[in-house]
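Thanks for coming, everyone. I'll keep this short. Have a look at the fold on the screen, and then I'll walk you through it.

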Amino acid sequence: MSFGEPEGYDEHARPRPLGRRSRSQTVAAAACLVLGAGLITGAATGGWLADGFEGPAARNGFTAAGALWHNVPVDQLFPPALQGKGAGPGNADRTWTRIAVAPDSGCKGAFDPLLRKVLDPVGCARLLRATYTDATQSHVTTVGLLFTEADAAGMSALARRFDTERLDRRTDLMPLPYAAKGTAAAGFGPGQRASWAISVLTDAPVVVYAVTGWADGRTVDPPQPAGDAMESGAGTGPAQAGLGHEAQGLADRIERGLRKKAGTATERPS
C-alpha cells in the first residue's frame, strides 16, 4: 500500500504536494533552521558567560579570595619551597626557598609614597609579604599580597589604569623589599631593587607583586621591569642575571596558589 503525498497551498491558494519544494523554499527553510540554532546557542552561551564571569560563582570566588589572609595558613600562601619549572632564562628550571615572612600588617610605610597614592583607591585591608632566595643564594626576591578593600569594579578600574598607563613599568612605582635580619636578604633595601612585577587581579581583591635584587647588597642603576628584562636580547644587568625571570616567576606561582585556594576564574597565562 502506498500513501499519497500530503498537500498544502501555494501563494495562489492552489493545492500542492508538501513533499515537493522549490529550491528557494528549501534554502529559506535551511536558513531559518541555522538562525534558530544560532539564537538558541547564543542564549545558552550568554547564560554561561553571565554565570562564569559575573554570576554567583565569580562573586563567591571574589569574596573568598578577600578572606584568604586570615583563613589560609601562611605556608600555603607562601610555601617554604617553590619549584619554577621552565621559569628561568631559556626555560631553565628554578628553585626558590623562603627565608623570611613579614608579620601581616597594614600598608603604612610598606610602599613608596607615589605607589601608595596609586593604590589608595582600592584601600588596604591587609598586606602579607615573604622573601625568597634562589638555589645559589645569589638573588633575593620579596613577594607581596596586598588584600584590598575594593569590589570587583574597583579592581577592574585599577587594572585598566595599570594597563593603559603602563604603571607596572615605571621605576618610581617599584614595590619595596622586605629585608630580614640574619638572612641573605639582610642588605636588600630600596637601592638594591633590580627588577619587579606587579599584577592587579580582577577576580580577587588582591594586588600581587614581586621585587628582586642581588643578595650581596649591590645597587642597581637603572632597575628594569620584569617584562622588559625577560625580552630576548635584553642586555641590562638585571636581564643578563635573569632577575626579571626571578621576579615574574615567583609572582606567577604565588598568584596561582592564591587563585587555587580562592577557586576564582582561570588564571592568566604567564
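Start with helix α9, residues 243–262. In this predicted model, α9 lies across β3, β4, β5, β6, β7 and β8. Against β6, the helix runs at about 35°.

Now the sheet under discussion. How many strands form it, and in what order? Seven, and the order is β3-β4-β5-β6-β8-β7-β9. The sheet is open, and its pairing is mixed. Look at the edges: β3, residues 81–84, and β9, residues 224–225. Each has a single partner strand, so one side of each is left without a neighbour in the sheet.

A second helix to find is α6, residues 152–165. Helix α6 packs on the sheet and touches β7 and β8. Its direction makes about 140° with that of β7.

Next, the pair β6 and β8. Strand β6 covers residues 139–147, and strand β8 covers 206–214. They run antiparallel, joined by nine bridges. Take glycine 144 as an example: its bridge partner in β8 is tyrosine 209.

Stay on β6 for one residue, threonine 142. Is threonine 142 buried or exposed? Buried: its relative accessible area is 0%. The cut-off for buried is under 20%, so threonine 142 qualifies.

What does threonine 142 touch? Its contacts include Arg129, Ala130 and Thr131. Leu176, Pro177, Tyr178 and Phe188 are also among them. From β8, add Tyr209, Ala210 and Val211. One polar contact to zoom in on: the side chain of threonine 142 reaches the backbone nitrogen of tyrosine 178 at 2.8 Å.

That's my tour.

Key
Residues numbered from 1 in each chain as written. Predicted model: local features only at pLDDT ≥ 70, side-chain atom pairs only at ≥ 80, totals over all residues. Heavy atoms only, no water. Pairing = 2+ DSSP bridges. Helix = DSSP H or I, 4+ residues; strand = E, 2+ residues; numbered from the N terminus. Contact = heavy atoms within 4.5 Å. Axes fitted to C-alpha atoms, helices over the stretch in contact; angles between N-to-C directions. Buried < 20%, exposed > 50% of the residue type's maximum accessible area, 1.4 Å probe, protein only. Polar contact = N/O pair within 3.5 Å; in protein donor to acceptor, adjacent residues only side chain to side chain. Lists of a residue's contacts leave out its neighbours within four places in sequence.
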